[in-house]
Amino acid sequence: MTTPFHCLSQLVYHTNEDCPQGKTIEAGDRQQGKGGKAGCLCCYHLNKAQQKNGGRYGIIKRLLTEKQQQTY
Ligand SMILES: [Zn+2]
């Protein structure tokens, strides 16, 4: 769990540095805080999985990465 951050071009804020969507934010576009946006679902699941155990986290991270690649 990290300090919430967001960027103007996304509708959600992120709370996990490993979020594939959060990683697409360039350093210059990154804003601190929630920006009045909804919480990112990827981050929610990443945080939840990281709290529980590392095994599930690996699976979820791979699924998220595959999903991200489809949007390219
Ligand atoms: Zn996120």
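## Getting to know a predicted model: worked exercises

**Exercise 1. How does the span expected for H2 agree with the distance between its end C-alpha atoms?**

Solution. Start with the length: H2 has 12 residues, and at 1.5 Å a residue these should span 16 Å. Next, look at the ends of H2, where the C-alpha atoms are 17 Å apart, so the two values agree. Keep in mind that this is a predicted model.

**Exercise 2. Find which residues of H2 are buried and where they lie around the helix axis.**

Solution. First pick out the buried residues of H2: Cys-42, Cys-43 and Leu-46. Then look down the axis of H2: these buried residues fall within an arc of 90°, so they line one face of the helix. A general rule helps here: an α-helix has 3.6 residues a turn, so residues three or four places apart point the same way. Finally, turn to the face of H2 away from the buried side, which carries the exposed residues Leu-41, Gln-51 and Lys-52.

**Exercise 3. Which residues make up the largest nonpolar core, and which element gives the most to this core?**

Solution. Begin with the members: Phe-5, Val-12, Tyr-13, Cys-19, Cys-40, Cys-42, Cys-43 and Leu-46, 8 residues in all. Now sort them by element: strand S2 (12-13) and helix H2 (41-52) are the elements that give two or more residues to this core. H2 gives the most, with 3 residues. As background, nonpolar side chains tend to be buried together in soluble globular proteins.

**Exercise 4. Is Cys-19 buried or exposed, and which residues is Cys-19 in contact with beyond its neighbours within four places in sequence?**

Solution. Locate Cys-19 in the loop between S2 and H1. Count its C-beta neighbours inside 10 Å: there are 25, and the cut-off for a buried residue is 20 or more, so Cys-19 counts as buried. Leaving aside neighbours within four places in sequence, Cys-19 is in contact with His-14, Cys-40, Cys-42, Cys-43 and Leu-46. Now approach from the other side: with the same kind of neighbours left aside, the contacts of Cys-43 are His-14, Thr-15, Asn-16, Cys-19 and Gly-22.

**Exercise 5. Is Asn-16 buried or exposed?**

Solution. Asn-16 is found in the loop between S2 and helix H1 (20-23). It has 23 other C-beta atoms within 10 Å, so Asn-16 is buried. For a sense of its surroundings, measure to Pro-4: the two residues are 12 apart in sequence, and their C-alpha atoms are 7.9 Å apart in space.

**Exercise 6. Which residues does Gln-31 touch, not counting those up to four places away in sequence?**

Solution. Find Gln-31 in strand S3 (residues 31-32). Gln-31 touches Phe-5, His-6 and Cys-7. Take Phe-5: Gln-31 and Phe-5 are 26 residues apart in sequence, yet 5.5 Å apart in space, C-alpha to C-alpha. Then follow the contact to Cys-7, which sits in the loop between strand S1 (5-6) and S2. With neighbours within four places again left aside, Cys-7 is in contact with Ile-25, Asp-29, Arg-30 and Gln-31.

**Exercise 7. What is the pattern of helices and strands along the protein chain?**

Solution. Count the elements: the protein chain has 3 helices and 4 strands. Read along the sequence, the pattern is β-β-α-β-β-α-α. To finish, add a figure for burial: of the 72 residues of the protein chain, 18% count as buried.

Technical notes. Residues numbered from 1 in each chain as written. Predicted model: local features only at pLDDT ≥ 70, side-chain atom pairs only at ≥ 80, totals over all residues. Buried ≥ 20, exposed ≤ 12 C-beta atoms within 10 Å, placed from the backbone. Core = buried A, V, L, I, M, F, W, Y, C linked by C-beta atoms within 7 Å. Contact = placed C-beta atoms within 7 Å. Expected span 1.5 Å × (residues − 1). Arc of directions from axis to C-beta.
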